[in-house]
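Good morning, and thank you for coming. Please look at the sequence and the structure that I now put on the screen.

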There are 4 protein chains.
Amino acid sequence: MVRKSGTEVGRHREGPAPEVLSVMDDRGRQYLLSTRGNVAQIPELGVISTAKLRANLGRKLSIGSRSVIAIPASPRDRMEGLGRKAQTVGPKDAASLLFNAGIAPDAFVVEAGTGSGWLTVALAIAVGPRGRVVTYEEREDFATFARGNLSLADVEKRVEIRGGDIAHGIIEVDVDAVVLDIPEPWTALQVAWEALRIGGTLCAFSPTTEQVRRTVESIRGLPFLGIRTIEIIEREIVIHEGGTRPSFAPLGHTGYLTFARKVLDTF
Amino acid sequence: MVRKSGTEVGRHREGPAPEVLSVMDDRGRQYLLSTRGNVAQIPELGVISTAKLRANLGRKLSIGSRSVIAIPASPRDRMEGLGRKAQTVGPKDAASLLFNAGIAPDAFVVEAGTGSGWLTVALAIAVGPRGRVVTYEEREDFATFARGNLSLADVEKRVEIRGGDIAHGIIEVDVDAVVLDIPEPWTALQVAWEALRIGGTLCAFSPTTEQVRRTVESIRGLPFLGIRTIEIIEREIVIHEGGTRPSFAPLGHTGYLTFARKVLDTF
Amino acid sequence: MVRKSGTEVGRHREGPAPEVLSVMDDRGRQYLLSTRGNVAQIPELGVISTAKLRANLGRKLSIGSRSVIAIPASPRDRMEGLGRKAQTVGPKDAASLLFNAGIAPDAFVVEAGTGSGWLTVALAIAVGPRGRVVTYEEREDFATFARGNLSLADVEKRVEIRGGDIAHGIIEVDVDAVVLDIPEPWTALQVAWEALRIGGTLCAFSPTTEQVRRTVESIRGLPFLGIRTIEIIEREIVIHEGGTRPSFAPLGHTGYLTFARKVLDTF
Amino acid sequence: MVRKSGTEVGRHREGPAPEVLSVMDDRGRQYLLSTRGNVAQIPELGVISTAKLRANLGRKLSIGSRSVIAIPASPRDRMEGLGRKAQTVGPKDAASLLFNAGIAPDAFVVEAGTGSGWLTVALAIAVGPRGRVVTYEEREDFATFARGNLSLADVEKRVEIRGGDIAHGIIEVDVDAVVLDIPEPWTALQVAWEALRIGGTLCAFSPTTEQVRRTVESIRGLPFLGIRTIEIIEREIVIHEGGTRPSFAPLGHTGYLTFARKVLDTF
């Protein structure tokens, strides 16, 4: 191994300001904490100074009778550490969605519905500080709940929550991606097409095959290309002293992801 | 449906300059084209003016006896349209890797080996124009080949290719993620740990369970937390007149993804 | 290891008469051969005496420039070695079907359609020499083709092929299982119910989710209990010098299996 | 639909004597009952006359405040209704094992270890009344527990339980299949080879990839052909009013199945 010397090549900018921390305790439990206040409350463990946490990133600290280690929260930490009020798109599907919907830095994305805001957070992290996410949510209670999650994940400045049913119209235009996590995606396909830029990606998430079928058949009636539906199965592998094998733990179905690209003509 | 009016909300910045196009023909074949030159060559179809393509995005054009439609290439298009010289991490694993390794806009990432540069392209797109990717490749022929792919995908300015074996040392420091797609990831874990910032993510991609086991056992001997290995299975769903079902097409194994986060102490 | 002595415990009856052999050559190719004639033809390799094969089971023999080893054909060999004229239920689904449809020795089974007779052979082997399989096939060309396969697999005495559409009536009664591998299983559910004994199992194999839905909804309208639909995914694991991993080879969708048990009342 | 007439074709022999019943209650819970006694006890529900159950197969009966329907138990019912004392091979793997190990009617099978006897029951049902299963179990408590299960499933006459470690020797010869569900299958491969008839099948069930590797490498050192390792994934499909989709329920790993056929020479 070569030791670092004076020729190290550092980053050209500051790393992430640890506004949001992921704290793991010695039982393996993980917590998402904002460091905006002076103190943070860790459920079951107690209260700890946020300055102390930030000054000791990666170091073992005592809190009550337990040890914890804090690190800057990753995108996945910032998603999984949120509360939830309803079924939500989880990390395995979010990963595929972000990539296949082409959610790149600086992108302009429209989402519906907001729900608990999990996917909104993932989208907001992926578009970065100069990107923008507009999310439509009919239910005011969900919107309020999601606002708390956006704040905890430190992405509220990049996100705007709109009331109303997205099927009644999307006022945004020139959008890079429209992401539909609503029960009847086919009701919003025409307005999604209008909102998208040419080549922009429509994405719909649906649990059942009937939803997929109706969505895809409706997409085929509009100027879209590259229509594709996938299901993602993520298996965890465990490496024990006793051997290596897939996890015995649950691996249930979540939903199907359908993608399509806006064009002006079709073949 | 509500028609757009004068109250439209547009993007706050320019959309993607279509330097790279994805062209689909009426047989469903897809091609990746750079628009840097005056003309582009589409294999089997012929030559077409890039100005014409850019002026007609989303519109059907004739070339030879076929029709094509061009749109700005998505991240997935920019990956799948590249040539390849060796086994490479494909879209299904890239999607999970980008999300689980926390590759966010502006990130600073180190990768090894470069291979054909497919994953390098995906990393470079995900870090965005202000992010940076350094990729280590021992074989000069691969580095040369990958350079062509980085140029075609229009990300060469964000990427630096270094020669040499990454196990001999990483000169970068304060790195957000180190991604190892090499046969013996365990040889580079110590140098990866040194290069990473606190909370930065190590990721290793390996086809076999023996590689996974040795990698995970080695990671456990270093200050890392959140160690996790997964396998991603992506099933395509087909919606025909005859019915809806998973694809009959191949669904082979590719590899396992192992993730871990750098800390300074362990429990 | 303990050497065998005079205290060996042998079988209480004759083992299987090797009427049907599986022959593997030194390239790993496998052939299904009947030993009823004096000679057998092995495609690409040549002609060999069946007496010689039977006298040398498990032993390497030369044929042309290759070596072969013959062993009594297993149920799976007897299925996979058959010709096919149409899509057919393969070994992975047959295994689950036989167990979940309760196909035990001496059972009385009705099947439709016969197709190439692959599943018929598997059913006939599972019911044994005292069981019985009646299989309905509308197309005379399939029936003729299947007869050849039943003969090659040496189960023709246990099987009766009937012409006509099973939906028009099943003349058998007191049947242990009715197995439907037809495009519209819902058309035959009422006649299947009538043919089954109490507790007998209905099984339908269908490639699409629409077929599954319509079948299950129709079953729910009849006195059946224990309704259950499954999909079987079989992954082959390869163990190379280079490591252990799932196969890179195809793993496509085949179909769904639906099971239900006949009762007289419902809850 | 054609009504049955005087031309019905019945079975050529008696159907299964309902010695073992599967009873389902109106909550969907299922119980396995022997009808050998005059009364049967249904957990939580109460006591019921077995004569009454047998006289009313398929009919709704009241017991306490609940309704139940009894039918002859299927092979799967007879397996899943048993008690268990340890991890055991379940229905999804048993189905594949029975088919791929060639467990046909009248077969002579050796198994180790017996464990709770679940797989023993499945083997005993598949070999039928003229087949035979010998199962080796070192632990007397498991053997005693398994005996109760064999009796409940009504297969005790076809099964012999032997004490001792199978790796120390198998006294049976000319065996159709040897099934190893023990932690170190490689210790018993030589004795398994000796016990098997030519073309007989060795089968090993193991949860980890390390066990699979060591087993397969050891098998390769002996005269076996057709070596193959698979994993079975069974997904349940739910058909609700809301739509059709894979179950959200657990789908964990169980183990890998390795098969090989005894020969005398190898290539």
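How many salt bridges does the count come to over all chains? This is a predicted model, and in it the count comes to 96 salt bridges over all chains.

Let me begin with one of them, in chain A. A:Glu172 and A:Arg162 form a salt bridge, and their closest N and O atoms are 2.4 Å apart. A:Arg162 belongs to strand S9 (159-162) of chain A, while A:Glu172 lies in the loop between strand S9 and strand S10 (175-180), so the pair ties together parts that are 10 residues apart in sequence.

I turn next to the interface of chain C and chain B. The size of an interface is often given as the accessible area lost when the parts come together. Between chain C and chain B, about 1,600 Å² is buried, and carbon and sulfur atoms give 54% of that area. On chain C, 21 residues take part in the contact, and they meet 21 residues of chain B. Two salt bridges are counted between these chains. A salt bridge joins C:Glu231 to B:Arg235, with 2.6 Å between the closest N and O atoms.

Within chain C, I would ask you to find two helices, H3 (residues 91-100) and H4 (residues 118-127). How do they pack? Their axes come within 11 Å and cross at roughly 40°. That angle is over 35 degrees and under 65, which means that H3(C) is oblique to H4(C). The crossing of H3(C) with H4(C) is right-handed. From H3(C), the residues C:Ala94, C:Leu97 and C:Leu98 meet C:Leu119, C:Ala122, C:Leu123 and C:Ala126 of H4(C). By class, this contact of H3(C) with H4(C) holds seven nonpolar residues, with no polar and no charged ones.

Finally, some remarks on the backbone. Most residues other than glycine have a negative phi, and most peptide bonds are trans. Which residue has a positive phi although it is not a glycine? A:Glu44 does, with a phi of about 75°. A:Glu44 is placed in the loop between strand S3 (39-42) and strand S4 (46-49) of chain A.

As for the peptide bonds, the one from B:Ala112 to B:Gly113 is cis, with omega near -15°. B:Gly113 sits in the loop that runs between strand S7 (108-112) and helix H4 (118-127) of chain B. In chain D, the bond from D:Ala112 to D:Gly113 is cis, with omega near -10°. D:Gly113 is found in the loop between strand S7 (108-112) and helix H4 (118-127) of chain D.

Thank you for your attention.

Key. Residues numbered from 1 in each chain as written. Chains lettered and ligands numbered in written order. Predicted model: local features only at pLDDT ≥ 70, side-chain atom pairs only at ≥ 80, totals over all residues. Heavy atoms only, no water. Axes fitted to C-alpha atoms, helices over the stretch in contact; angles between N-to-C directions. Helix = DSSP H or I, 4+ residues; strand = E, 2+ residues; numbered from the N terminus. Parallel < 35°, antiparallel > 145°, perpendicular 65-115°, else oblique. Left-handed = near helix turned anticlockwise from the far one by under 90°. Contact = heavy atoms within 4.5 Å. Nonpolar A, V, L, I, M, F, W, Y, C, P; charged D, E, K, R; others polar. Buried area = accessible area lost by both parts, 1.4 Å probe. Salt bridge = Lys/Arg side-chain N within 4 Å of Asp/Glu carboxyl O.
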